[in-house]
There are 2 protein chains.
Amino acid sequence: MEHCCPRYHQAVELIGKRWSGAILAVLIDADRPLRFSELAHAVPQLSDRLLSERLKELEAHGLVLRHCSDDSPRVAYELTGKGRELAPAIAELKAWAQRWMREGEPEFVHAAKPSPDARD
Amino acid sequence: MEHCCPRYHQAVELIGKRWSGAILAVLIDADRPLRFSELAHAVPQLSDRLLSERLKELEAHGLVLRHCSDDSPRVAYELTGKGRELAPAIAELKAWAQRWMREGEPEFVHAAKPSPDARD
DNA sequence: CGGGATCCGAAAGGATACTG
DNA sequence: CAGTATCCTTTCGGATCCCG
């Protein structure tokens, strides 16, 4: 019985952190640098503060690069190679989600309404 | 710009939840029903309460089956088909982690031990 | 062994307001 | 637009005790 190798554990905890997976998926899907507002628009339930926070974390871990080029009108975020190589994993997860997750069953949407989770 | 399809979002939030990814990886890797204590041993930093909690969540979402068979000496947990089909995604993530994550850099281990590692 | 209940501190998350 | 700071609520998570 392996002890679930720490590297994998780190990875899943990093990517699985609240909105990180969504942000990464959007960036991968876009396949180009995105601006703050574009990201915010792509994940509507995500607040500015959280988006900023997650972005900084992803930067710190070398998944995302922040372009604050002064010749550009605005800031843009793009994936690094490290971040980009997550694409297969994300794609697999997406495929799984398509097969198994139902939209019509918001039994787990925590970003939405204060569902009193009465499922005992 | 897609709005990062909700199904994928649900999936990443579910699997990424604190210890769920590790638990699933252990179950997939074991490829047989595991008992509570085996799971606890495989993920040492995880407390009983949390393991129980995560297990119940994974049950509720149909990823894990709990065998409380009275003919068996003890309780065992095994993956459902839904859970088992996560294997490719987990494998991809593991491969990525092997490529990019370093064990020697616990810059993000929040599960940490109470070691007063004051290195800020 | 296999958990559940409770307490409580820590941390995350949301809303709003404010700034450059 | 692209954030930051503050407040405040909720949740998470660890420890401990308890039960069958």
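A polar contact is a pair of N or O atoms within 3.5 Å; within protein, one must be able to donate a hydrogen and the other to accept it, and residues adjacent in sequence count only if both atoms are side-chain atoms. Ser52(B) has a side-chain N or O atom 2.2 Å from a phosphate oxygen of DNA strand C. For Ser37(B), that distance is 2.8 Å. For Arg54(A), it is 2.8 Å.

Some ground rules. This is a predicted model: local features need pLDDT of at least 70, side-chain atom pairs count only at pLDDT 80 or more, and totals for chains, interfaces and linings use all residues. Residues are numbered from 1 along each chain as its sequence is written, chains are lettered from A and ligands numbered from 1 in written order, and side-chain values use heavy atoms, without hydrogens and water.

Back to the DNA. 16 residues surround strand C (a heavy atom within 4 Å). Arg18(A), Arg66(B) and Tyr77(B) are among the closest. Of the strand's atoms within 4 Å of the protein, 74% belong to sugar or phosphate.

Next, helix 6 of chain A, residues 87-100. Helices are DSSP runs of H or I, at least four residues, numbered from the N terminus. Ala89(A), Ile90(A), Leu93(A), Trp96(A) and Ala97(A) are buried there (under 20% relative accessible area, 1.4 Å probe, protein chains only). They fall within an arc of 125 degrees, taken from the helix axis to the C-beta atoms, so they line one face.

Across in chain B, Lys82(B) sits in helix 5. Lys82(B) is buried too, at 14%. Its contacts (heavy atoms within 4.5 Å) include Trp96(A) and Trp100(A).

How values were computed: Helices (H or I, at least four residues) and strands (E, at least two) are DSSP runs, numbered from the N terminus. The expected span of a helix is 1.5 Å times one less than its number of residues. Buried means under 20% relative accessible area, exposed over 50%, partly exposed in between (1.4 Å probe, protein chains only). Lists of a residue's contacts leave out its neighbours within four places in sequence.
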